[in-house]
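Please look over the chain shown here before reading the report, which takes up its overall dimensions and then its largest pocket.

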Amino acid sequence: MKLKAFILNIALILSSLLAVFLILEVLSRIFVNFKADYYSISKKNENNFIEHPYGKIPVNSHGFFDTEFNFKEKDKIVAYFGDSVTYGVGAGYPYRFTEYLDEIDNNFEHINLSGGLGISLNNWNTKYENFLLENNIKRIVYMMNLNDIAPLYDNFFSENNDLMDKKKQYSGVKNINSIKNFIKSFDNLLRGQSVFYTYVRFLVKKQFVKAGYEASGYESVELFPKKNKTYIINTSKKIDEWLSLTKRKGFKSCVVVLPYEMQISKDAKNYYKSINIKFEDDFVNFSTQKIIKESLQDDKNFFFIDNNGFEEKKVGSYFVFDKGDKIDFNHPNRSGHLVIAQEINKKKICQN
């Protein structure tokens, strides 16, 4: 009898918790002005497009997030490799910088080799090299996001055994990946599906961002270039390695660093400061990008998009803003992608 009573009590508690959760879910769907599925929900349709709330993303027969390549039409091809910005989060197809470049510059075909969300030079491998070599594509541009710095730094030290002594001096970048990994299964199940869970997740995540962490789980070292100069300088060595490697294999390779919104808009800078997003004053003057450039062995193929081309407008004019469960100052929207394309074309990046 005691066991039966115990089981009934457990069932009653679980039922009560479920009922409370369902009530909170209903209330959240009524009162929370929040796009819970903006970043998390996607589905592939019958036309080989991945459907997102912000737009569609194509998948071609090579497995890249672009329409089918037609290499016979043009002699000159520039391939772009990068993360979620290159993928088109916040913009969708055909409103990414690669499609805009096709419209602006008829002398080249601009193809999108994005590896998807969270991709950096750490993910560069023979798959990309072999594809480029097999199709006689000699121009490749790495579209670097500033939040690539922390994982690139960690990877650089882990791959270089001769830096063991320095590893003792320089600890890895702080991160909260243990927390991310702990909730991963639960998060994959409920994020975007439950408005209540996604909103609570956002509130918690916002506090981590204010504490100086980013979506990757790493500390936002890029926002404090003076304080974290060592990290940034060593990241430049990783970039040097890639530029040297690809050059030896016959590629014309370039690196483009994309800006954060507070760097291209005074209104955005003031807004993010008002919600306690911390960054060094000189960060908005592209000091992080400048440290990378100054630290490279050869910077002639290194570029960064600055505030030229961006008109002074309100926060959210060029970047995704207040759309879903993220404080987002690093994903350009469709207007932002257009300016990036115009600046790439103006600088003739990887075209000479």
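The sections below describe a predicted model, going from the whole chain to the lining of one pocket.

## Overall form

The secondary structure of the chain comes to 13 helices and eight strands, and the C-alpha trace spans about 80 × 55 × 40 Å along its principal axes. For 352 residues a compact globule would be expected to have a radius of gyration near 20 Å, and because the chain has 22 Å, its value agrees with that expectation.

## Burial, contacts and surface

Of the 352 residues in the chain, 51% are buried, a class that here means under 20% relative accessible area. When contacts between residues at least 6 apart in sequence are considered, 73% of them join residues that are at least 24 apart. The area that the chain exposes is about 17,900 Å², and carbon and sulfur atoms supply 52% of that area.

## The largest pocket

Rolling a probe the size of a water molecule over the atoms shows where empty space is left. In this model the largest pocket has a volume of about 1,400 Å³, and its lining is made up of 48 residues, with K180, R191, R201, K205 and A215 lying nearest the centre of the pocket.

Which elements each supply at least two residues of the lining of the largest pocket? They are the strand β2 (49-52) and the helices α2 (84-87), α7 (177-190) and α8 (195-210). Sorted by class, the lining of the largest pocket holds 21 nonpolar, 17 polar and 10 charged residues.

How values were computed. Residues are numbered from 1 along each chain as its sequence is written. This is a predicted model: local features need pLDDT of at least 70, side-chain atom pairs count only at pLDDT 80 or more; totals for chains, interfaces and linings use all residues. Side-chain values use heavy atoms; hydrogens and water are left out. On a 1 Å grid over the protein atoms alone, a cavity is a set of points where a 1.4 Å probe fits but cannot get out, and a pocket is an open set with protein on both sides within 12 Å along at least five of seven lines; lining residues have an atom within 4 Å of a point. Grid points are joined across faces, edges and corners, and a volume is the space filled by probe spheres set on the points. Helices (H or I, at least four residues) and strands (E, at least two) are DSSP runs, numbered from the N terminus. Ala, Val, Leu, Ile, Met, Phe, Trp, Tyr, Cys and Pro count as nonpolar, Asp, Glu, Lys and Arg as charged, and the others, Gly among them, as polar. The radius of gyration is taken over C-alpha atoms; the globule rule is 2.2 Å times the number of residues to the power 0.38. Buried means under 20% relative accessible area, exposed over 50%, partly exposed in between (1.4 Å probe, protein chains only). Contact means heavy atoms within 4.5 Å. Accessible areas come from the Shrake-Rupley method with a 1.4 Å probe; for residues, only the protein chains shown count as cover.
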